[in-house]
Amino acid sequence: MDEWGKDRITEFLNRRHRERQSNLASLQELKNQEANEFEALEYFDQVFGTKSREIQKNLNNLQPGDRNQLTGTFNKILGSLQELQKYLSTSTIFLTEHKIKTCQAAINDLQAQVEEKRARLIPKKKFGFKSYTKPEVKEEDKEEARKDELDGVKRKEFQWTVAGLRNREILLDGELTNGQDVTISDLESCVVRIVGHPGSIQLSKLRNCVILAGPVARSVFADDCRQCKFAFACQQMRLHTSHACDIYLHVTCRAIIEDCTGIRTALYSWTYPGIRKDFASAALDLERNNWQDVADFNWLSPDRPSPNWKKMDEQGLIEDWPEFLQHFRRENAIHAVAE
C-alpha cells in the first residue's frame, strides 16, 4: 500500500475516533441533564410532600378552644399555605403540567379544609341592631372611611394573591409585588395592573381579563385562561390549556405553550413611570426578546408552523393602552377595588 493510501486510512480512523468521542460526550451530557432533572423533581416531591403533610397534621390537630388562640393558629397555617404556593410557583418551570395540576389541587384542598374548619371553630359573630337615630356623618369623614376601607382591602386581599372577583379593577403596586410571587385565580371581566418587579406570577381560571404586569424576575405560568389580554416581561413564560388569548410579550428565553389554541403574540408595549428601573431590578435584558419564538409542545412538525399560535396582525395591535382600558372598563361595567 502506498503512502497516500495509508494517509487516507489514518485520516478515516482519526475522523471515526473524533466522532465517537463527540458522541460519547453528547451522550454523557444528556445523561447528566436527565440526572439533574430527576434530582430536582425528587427534591421537589420530598419538600412539597413534607410541607403538605405538616399543614395537614396541624389542621387535624385543631380543636375547639380560645378564639384568639385559634385565630393565631389559623394565621400560621395560612402562612404555611402561602409558602407552599410560592414554592410551587417558583418550581413550575421544570414541572410537567400533570404535576403542576396535581400539586395545585392538593393546595386547593388544604385551603378548602382551612376555610371549613375556620367557619366551624371560629363562627362569625351575629349582631343584633336596635332602633336608633343614625348620626349625621360629615362628607370628609365619609371620604376618610372610604380610604380606610380601600387600604384594608388592599392589605387583606391583595398581599400576593387575588382571587374570586368579577368586573373589578385591581392595582398591585411595587410595595406589594417587588420580589414576591403573585398568584391570581378565578377572575372574570377584570383588569389587574401589576406595577413593580415581582419574582414570579401564576395565573389560573381567567375569563375575559386584562393582566398587565411589570418586569418579572423569573417565570410567568398561566393555565385555563380564555379570551384574555396579557402583557408580560419575564425570563420564562408557560401557557397551558388556554384559548383565544393575546400576549404582549418580552421574554428572554423561549416561550412555551401546551394544549392551547388561538394564541397571538406581539411585542411588549405596556409602560408606566419607572418601568426601566423595574427592568433593571428584575435583571431582564431589554435587548433580548424572543416574543416571536414560541415552542408549542403539541406541535412536533419541524417544517410547518404550529396552527395554535401566530404573530398578531398590525391592525389588531393595542397601541394606546389607556384608551383601550377606558373602553374595556365601560364595556364590562368595571369599578376599582384599589388605586
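The following exercises, with worked solutions, concern a predicted model.

**Exercise 1.** Determine whether strand β5 (residues 200-207) is largely enclosed or not, and identify how β3 and β7 pair with β5.

*Solution.*
Step 1. A residue is buried when its relative accessible area is under 20%. Of the 8 residues of β5, 6 are buried, so the strand is largely enclosed by the rest of the structure.
Step 2. Strand β3 runs parallel to β5, and 7 bridges join the two. Within this pairing, T183 has Q202 of β5 as its bridge partner.
Step 3. β5 also pairs with strand β7 (residues 219-226) in the parallel sense, over 6 bridges. Here I201 stands opposite V220 of β7.

**Exercise 2.** For D186 and T241, state the value of phi, locate each residue and classify its accessibility.

*Solution.*
Step 1. D186 has a phi near 55 degrees, a positive value in a residue other than glycine. Phi of T241, likewise positive in a residue other than glycine, is near 45 degrees.
Step 2. D186 belongs to strand β3 (residues 181-188), whereas T241 is placed in the loop between β9 (236-240) and β10 (246-251).
Step 3. The partly exposed class lies between the buried limit of 20% and the exposed limit of 50%. D186 is partly exposed because its relative accessibility is 34%; T241 is partly exposed because its relative accessible area is 22%.

**Exercise 3.** Which residues form the negative surface patch, and is E323 buried or exposed?

*Solution.*
Step 1. The patch consists of D313, E314, E319, D320 and E323.
Step 2. E323 is part of helix α7 (residues 321-331).
Step 3. The relative accessibility of E323 is 53%, and therefore E323 counts as exposed.

Note on methods. Residues are numbered from 1 along each chain as its sequence is written. This is a predicted model: local features need pLDDT of at least 70, side-chain atom pairs count only at pLDDT 80 or more; totals for chains, interfaces and linings use all residues. Side-chain values use heavy atoms; hydrogens and water are left out. Patches are made of residues with over 30% relative accessible area and no salt bridge: like charges are joined within 9 Å, nonpolar side chains (Val, Leu, Ile, Met, Phe, Trp, Tyr) within 5 Å. Accessible areas come from the Shrake-Rupley method with a 1.4 Å probe; for residues, only the protein chains shown count as cover. A salt bridge is a side-chain nitrogen of Lys or Arg within 4 Å of a carboxyl oxygen of Asp or Glu. Lys and Arg count as positive and Asp and Glu as negative; His and the chain ends are not counted. The place of a charge is taken as NZ of Lys, CZ of Arg, CG of Asp or CD of Glu. Helices (H or I, at least four residues) and strands (E, at least two) are DSSP runs, numbered from the N terminus. Buried means under 20% relative accessible area, exposed over 50%, partly exposed in between (1.4 Å probe, protein chains only). Two strands pair if DSSP finds at least two bridges between them.
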